[in-house]
Structure formats: C-alpha cells, structure tokens
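Please open your viewer and get the selection tool ready. We will go from stop to stop, choosing a few residues each time and looking at what is there.

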Amino acid sequence: MSETTSEKHVFQAEIQQLLDLVVHSLYTDREIFLRELISNASDSMEKLRHIESTEKNVHDPELPLQVVVTADKEAGTLTIQDHGIGMNREELVENLGTIAHSGTKAFLEAMKESGGTPSSMIGQFGVGFYSAFMVADEVEVHTRSWRQEGEGLVWKSDGKTGYEIEDSPDAQRGVKIVLKLKDDQKEYAEDARVKHLIETYSNFVGFPVLVDGTRVNEVEALWLKNKSEISEEEYEEFYKFQAKAYDKPAYRLHFAADAPIAINALVFVPSENPERMGLNKIDPAVALYCKKVLIDSEPKDLLPDWMRFLKGVIDSADLPLNISRESMQDSALVRKLGSVISKRVLKMFDKEATGDPEKWQAFYKKFDRFFKEGVATDFANKEALAKLLRFESSMTDAGKLTSFSEYVTRMNDGQETIYYIVGSSREQLEASPYLEAFKKRGLEVVFFTDAVDEYVVEALGEFDGKKLQSISQGGVDLDDAEVEGEALSEEETGKLCEFLKEEFGDRVTKVEAGKRLVDSPVIALVPQDGMTAQMRAMMKAMDENFKDEVKVELEINPRHPLVKKLAETKDSNPDLAKLVAGQLLDNSLIAAGLLEDARDTVRRMNELMEKAMG
Ligand SMILES: Nc1ncnc2c1ncn2[C@@H]1O[C@H](COP(=O)(O)OP(=O)(O)OP(=O)(O)O)[C@@H](O)[C@H]1O
C-alpha cells in the first residue's frame, strides 16, 4: 500500500461519543459485538440477493453467500468475512464515519441522561459496527463493492479520533473485518468461545456461519417454515433447544400473518411450571427476532407479564432493523405486536380448553396462578382469561373442575348472579352454614380455595354480564324457599333481634331474620364493604400489627328450636339468655373464621356448662 493513497478522516462527534461508551462498556456486554457483525454480514448478503434479482452485473457472482469466522490465536485476531454487497469509498465514509440513524442518536441521549455510564443497555440495544471496538484496539474493514467498476479498499481505525482509507487490491467482494483483539479480550481468538457465541446469538441467521470450515448455526429458522413441512419431532427438538427445556410442550401455536403486522410466531406452552416448584419468578422467554436476527431473547415489554411461562420465537419483518437501538418499551410497533400475539395465544388456549377439557384441567392445575394473575393485571384480556379459569363448585365432584361458562348454562331460571364462597378447602366449604340456603334452592356455588382467588374474583367483578357474589357476605337476595317447621311470629322475631342488637352493641351492624338458614340457628355475614376472613388473614401475614375490629351482620333462623327457646328465655331468665346469645354469636364467628380472641368464649362456655349441670 503506497502512502499516497492513504486518506485520513476524523470521526463525527457522535461517533466519538459512541466509541467512548462502547470502549468503557461492562465486560458482559462485550460479547454482543459478534452478533452485531454477523447481523451486518447477513443484512449485506440479503441486500445482495435483492440486487441479484434485478441486476445481472454483479462482481464475482459465484462467491458463496456465507459468513466465515476465523479465530487466530497466535496473531490474536478474529476475522469475519462475508460476500455481500461491500462498500465503495463514498459508502465507507458515509456508513462507517457518520451516524445516520436516529436510533443511535436516541440511544446516545438516553445514555447521557443516565449519567453516561455504560450499562447493560448496550447488550440489549446493540451499537452496530462500532461494538467491534469493545474487544479490539484496531479494526480493519477490507471491502470491495458488488458493482463491476470498483476497487479494493481497507478502512482502518483504532477507534479513537478517526480512520484511514487505503487501497487493498486483494479485497474480495463483500466485507472482511479483521479485529486486532485487545490484550484482555484474547478469549475471542478461541474457536470454542466464538462457536458458543454464534450458537447463542446467531443460531438462526439465514446464511451459513462457518468456523474452522464447519457450519455452526445448524438450527433452521423453523418458525419461518410452512407448518405442513414440519414434523412433530422437529417441533419438539426445536422447543427443547430454544427453550433449553426437558419437558414436552403442552401446547403450541405456529402462525404467520401479514396484517396488521408481519409476524411469524412459534410459541410453545411448557407442560411443567417452574414457579410451582417454589422457585423464583421466571423471566419471559419468547425471543424477539427480526428476519432471523435476534433482537432480544427475553423481551420484558413484548407480552403481558403473566405470559412469562411461554417459550418460543416471534419474528417480525416489520420491526425496523434499528429497533435494537431503540427502547422497545416506547415502540408502538412492539406494543401492537405484543397485543396481536397475546390475542392469538388466548384464542389458542380457548380452543384447546374447549376441545380437550381433560387435558386443559390437568394443565390448568399446574399453571392456574398465571391465569389468575392475568385476570388481575391484564385488563385488555380479562374477559378472554375469565373463560379459561377453572374451579370446583357445589355441583362438581371433588377434584373435578368446571368453568364460568358451564356454570352459566346450569343457572336456574331467573338467576342473575354467580355465587361463590372462599375458604381453605372443599371440605370446609361444604360444611359451612352459608351453603345451606343455596343447596336448598338448587343454586350452584363456586368454591374458591386458593389464597389468591378472592383477589381474582374482585378484579373480575362479573362474568358474561352476571355479577359475582360472595355468599358469606351480606346483600344476597334470595327468593323464598319452602321451609319446614313453624317460625317465631314476626313480632317475637323483631323483639329478639332488638334484644340481640342491644346485647352485642358495636360487634354487629345489624341483626335480622334471614331466609338463608335451614339447619343452623344463626349465621355471621361480612358486610358488603367489610373485610372477609381471607383478607384479614392476608393483612395479618403482611403486617403483624394489623388491627381491625370485626363487625358482622347476624342473620337468625326463626324456625330453629334454639332461637325459639332464646326468644322465651330472654324474658324469663335474661342473664342466661345473654350468655347463650353471646355464645351463639361467637359460634357463628368461629364458623366464619372470624373469631380473633377466644378468651371470652371459653370463659362463657365454662359458665354455661356449670349452669347446665346445676
Ligand atoms: N458487512 C457489511 N457489509 C456491507 N455494509 C456494511 C457491513 N457492515 C456494516 N455495513 C454498513 O455500515 C452501516 C453501519 O453499520 P452499523 O452496524 O453501525 O449500523 P446498521 O447495521 O445500519 O444498524 P443495525 O446494526 O442497528 O442494524 C450499515 O448500515 C451498512 O451500510
């Protein structure tokens, strides 16, 4: 190379800033440089394919479209060569000396705002070609343009202030980048390290990537293939590879769409739930690709958080190539993409759940918490999610699950409400006095026995226009049912209620005769704005100093012998009546799980026993 053909150039100010950032980037970010360079090579070869489809006069048309990566341990260099479109002199200056993309500028702004400290943002967003300077203190770009008239050139820089362009007569069509690795980055001159990086970041690049003469990226971009060309085994193998999984996928969604966004998606639903085994919250793992180039393997803002158990790949050709440079969170396109995919996933779940209810139940029993979380957090998909929920009810056999939709088909004529009760187990709920009136009237009651269920129904509010109503709370309107046995007169009942109200004072908000009870004398209901037993337990678990006086509505059963006897005793022996009344209230609180301090209860019980035995 003669001195006379060497041209010296100074980097644009923004490139200097960018270089400053990448050079000081954190160690873990650095390895992404290879992904960036291989992506550029792949882009360039894709452009060449386009050109070849219209132009006849491509220089050296027989050169293979592949990326050759050569690690030279002795020389301490790493070389990445492609036979894409290459660059002429103007293009070298234009592309490698100035920053044209607004994305990079935005990235720089964001970095400046965050105090200019290089962060993991580099790894996430990429900084393109300049990331080469994270690992190299000298970079050479040998290139020759695809155009027939052209010259071999080499662009050289130490990544500090500027670069030189010289002749490179032997340069082949395309680009050959030679990285002179920094002393502390020599690991990238090792085949094994390089192969591992390619497998991690560039496995699905659409051109062969060769190291030491063998192709490394062997896995095909399965999601871009036609469904009919893929066997079950291939799907399974891909799932295991891509999700690093050992189980078989429970469900799968593979689709392609052009509108409103170009999407090729292959989403897997695992059959085992790692969070269920008491492990920590998992990270989202549906990777985002743009034309087979990995953008983010764990995109946080693509799908709703509750879908974090899904695996697979979403590839959208509509994502701008520089999406990697922008904050994905702010991208309307990424939001749209996420929304389209979420809808498709929910549709798939619905189809599978109705198509094979047994399989869905088995799956749901392991993954229910995700769907419940979705109901409470994913407002846009709440209704679709509600259809997927499953639970036991007073009309299912123990261990068998049903859905809200099925509940609705079993509703009585004129029934407008979906009734539910929350408790710790089916056995406890079946024995609860709350259920009596509903059983008697043939009304189905949903059993919620998971600690989070109460929050889920609260978030849900209704299903298919039908209100969800807790039967352990006040405000339930029931029709008259045929009840046996003679009741106290209205007048006697009124007087007894007054007596009780006076006796209980602030502990009750009201005392009324109710239609709910069949076998029990009284029942305690939580007022509609009050805190249920489950909520109290939750509050106490979170705050040991939590205190909130229990206030209930008391419903009495005017046909129950104990109640009838009490109405008499309150006049003949008020002291005994007060003891019995106090005990009845406590008993009802125990049944409701609301008795917080049993000392009075025990004392009173002892007194009653003494009296009973004379
Ligand atoms: N291997 C290559 N062959 C041909 N041109 C290249 C090659 N590598 C880089 N270039 C040119 O240099 C430009 C700048 O590259 P850089 O990686 O910084 O950004 P980009 O590739 O455009 O953006 P991104 O990396 O976000 O996709 C590219 O747009 C391209 O024109």
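## A first stop in the sheet

Start by selecting Val-508, which stands opposite Val-552 in S22. A word on the ground rules: this is a predicted model, in which local features need pLDDT of at least 70, side-chain atom pairs count only at pLDDT 80 or more, and totals for chains, interfaces and linings use all residues. Residues are numbered from 1 along each chain as its sequence is written.

Now widen the selection to S20 and strand S22 (residues 552-556), which pair in the parallel sense over five bridges. Strands here are DSSP runs of E with at least two residues, helices are runs of H or I with at least four, and both are numbered from the N terminus. Two strands pair if DSSP finds at least two bridges between them.

Add the third strand and you have an open sheet in the order S20-S22-S21, with mixed pairing. Strand S20 (508-513) and strand S21 (522-525) are the edges, each pairing on one side only. On average, neighbouring strands of this sheet are turned by 20° against each other, direction ignored. Next, show H19, which packs on the sheet, touches S21 and S22, and makes about 55° with the direction of S21. Axes are lines fitted to C-alpha atoms, for helices over the stretch in contact, and angles run from 0 to 180 degrees between N-to-C directions. Contact means that the C-beta atoms of two residues, placed from the backbone, lie within 7 Å.

## Two helix pairs

Keep helix H19 (residues 574-592) and add helix H20 (residues 599-612): their axes come within 10 Å and cross at roughly 135°. H19 and H20 are therefore oblique to each other; angles under 35 degrees count as roughly parallel, over 145 as roughly antiparallel, 65 to 115 as roughly perpendicular and the rest as oblique. For the contact itself, select Leu-576, Leu-579, Gly-582, Gln-583 and Asp-586 in H19, which meet Thr-601, Arg-604, Met-605, Glu-607, Leu-608 and Lys-611 in H20. These residues of the H19 and H20 contact divide into four nonpolar, three polar and four charged. In that count Ala, Val, Leu, Ile, Met, Phe, Trp, Tyr, Cys and Pro are nonpolar, Asp, Glu, Lys and Arg are charged, and the others, Gly among them, are polar.

Then move to helix H16 (residues 490-504) and helix H18 (residues 561-572), which pack at an angle of about 65° with their axes 10 Å apart. H16 and H18 are therefore roughly perpendicular to each other. Glu-492, Leu-496 and Phe-499 of H16 make the contact with Leu-566, Ala-567 and Lys-570 of H18.

## Backbone details in the loops

Which peptide bond is cis, with omega near -5°? Select Ala-259 and Pro-260 to see it. Pro-260 lies in the loop between strand S10 (251-257) and strand S11 (263-269).

Next comes Asp-60, in the loop between helix H3 (32-54) and strand S2 (67-72). Asp-60 has a positive phi of about 50° although it is not a glycine. Is Asp-212 buried or exposed? Asp-212 is exposed, with 12 other C-beta atoms within 10 Å. Residues count as buried with 20 or more other C-beta atoms within 10 Å of their own, exposed with 12 or fewer, and partly exposed in between, C-beta atoms being placed from the backbone.

## Zooming out

Finally, show the whole chain, with its 20 helices and 22 strands. Buried residues make up 38% of its 614 residues.
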